[in-house]
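This report describes a single protein chain, beginning with one residue and its surroundings and then widening to the chain as a whole.

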Amino acid sequence: QVQLVESGGGLVQPGGSLRLSCATSQSIFGIYAMGWYRQAPGKQRELVARIFSGGSTNYADSVKGRFTISRDNAKNTVYMQMNSLKPEDTAVYYCSANLSIRDYWGQGIQVTVSS
């Protein structure tokens, strides 16, 4: 079992920044991918960013150039730096650990971008 706990969300004005953290209950070394997803009310959950075991990353087109995913294996933590936030970034953000057998999900954390 893998437990994921997100933190760092909250309310920010457009153009502002937040950094989300995802702390895991065990080592993330060797996990195929760690990712951040988001879900706005009435919409499907969508991929925001992923970082793979080899260090490569991918991002949704809507966040490229603004968001950066990273990891700290020593702290068993994955981060997502979010800059130049827009109102359309408002959503519940979920951390995910992608293993060969199954995926694990955090409970989600609210990010609200509003003036």
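## Leu-4 and its contacts

In this predicted model, once neighbours within four places in sequence are set aside, Leu-4 is in contact with Cys-22, Ala-23 and Thr-24, with Met-34, with Cys-95, Ser-96 and Ala-97, and with Tyr-104, Trp-105, Gly-106 and Gln-107. Leu-4 itself belongs to strand E1, which covers residues 4-7, and its relative accessible area of 7% places it among buried residues, given that buried means under 20%. Tyr-32 is not named among those contacts; the C-alpha atoms of Leu-4 and Tyr-32, which stand 28 residues apart along the chain, are separated by 15 Å.

## The disulfide

Two of the residues that Leu-4 touches, Cys-22 and Cys-95, are joined to each other in a disulfide, with 2.0 Å between their sulfur atoms. A search of the whole structure finds one disulfide. Because Cys-22 lies in strand E3 (residues 18-24) and Cys-95 in strand E9 (residues 91-98), the pair ties together parts of the chain that are 73 residues apart in sequence. Is the bond left-handed or right-handed? The torsion about the S-S bond of Cys-22 and Cys-95 is about -85°, so the disulfide is left-handed. Cys-22 is buried, with a relative accessible area of 0%, and Cys-95 likewise counts as buried at 0%.

## Tyr-79 and Asn-58

A second buried position is found in strand E8, where Tyr-79 lies with a relative accessible area of 13%. Apart from neighbours within four places in sequence, Tyr-79 is in contact with Arg-19, Leu-20 and Ser-21, with Trp-36, and with Thr-68, Ile-69, Ser-70 and Asp-72. The C-alpha atoms of Tyr-79 and Ile-51 are separated by 10.0 Å, the two residues being 28 apart along the chain.

Asn-58, in strand E6 (residues 57-59), is partly exposed at 25% relative accessibility. With neighbours within four places in sequence again left aside, Asn-58 is in contact with Leu-47, Val-48, Ala-49, Arg-50 and Phe-52. Ser-115 follows Asn-58 by 57 residues along the chain, and 29 Å separates the C-alpha atoms of the two.

The C-alpha separations given above are collected here.

| Residue pair | Separation in sequence | C-alpha distance |
|---|---|---|
| Leu-4 and Tyr-32 | 28 residues | 15 Å |
| Tyr-79 and Ile-51 | 28 residues | 10.0 Å |
| Asn-58 and Ser-115 | 57 residues | 29 Å |

## Positive phi values in loops

Which residues other than glycine have a positive phi? One of them is Asn-76, with a phi of about 55°, and it lies in the loop between strand E7 (67-72) and strand E8 (77-82). Another is Ser-84, whose phi is near 50°; Ser-84 is placed in the loop between E8 and E9 and counts as partly exposed, with a relative accessibility of 40%.

## The chain as a whole

The strands named so far belong to a chain whose secondary structure comes to zero helices and 11 strands, so that its pattern along the sequence reads β-β-β-β-β-β-β-β-β-β-β. The radius of gyration is 13 Å, close to the 13 Å that the globule rule gives for 115 residues, and the chain is therefore as compact as a globular protein of that length. Taken along the principal axes, the box filled by the C-alpha atoms is roughly 40 × 25 × 25 Å.

Of the 115 residues in the chain, 42% are buried, while the surface that the chain exposes amounts to about 6,200 Å², with carbon and sulfur atoms supplying 47% of it. Among contacts between residues at least 6 apart in sequence, 52% join residues at least 24 apart. As for charge, the chain carries 11 positive and 7 negative charges, and the mean positions of the two sets are 2 Å apart.

Conventions:
Residues are numbered from 1 along each chain as its sequence is written. This is a predicted model: local features need pLDDT of at least 70, side-chain atom pairs count only at pLDDT 80 or more; totals for chains, interfaces and linings use all residues. Side-chain values use heavy atoms; hydrogens and water are left out. Helices (H or I, at least four residues) and strands (E, at least two) are DSSP runs, numbered from the N terminus. The radius of gyration is taken over C-alpha atoms; the globule rule is 2.2 Å times the number of residues to the power 0.38. Buried means under 20% relative accessible area, exposed over 50%, partly exposed in between (1.4 Å probe, protein chains only). Contact means heavy atoms within 4.5 Å. Accessible areas come from the Shrake-Rupley method with a 1.4 Å probe; for residues, only the protein chains shown count as cover. Lys and Arg count as positive and Asp and Glu as negative; His and the chain ends are not counted. The place of a charge is taken as NZ of Lys, CZ of Arg, CG of Asp or CD of Glu. A disulfide is a pair of cysteine sulfur atoms within 2.5 Å.
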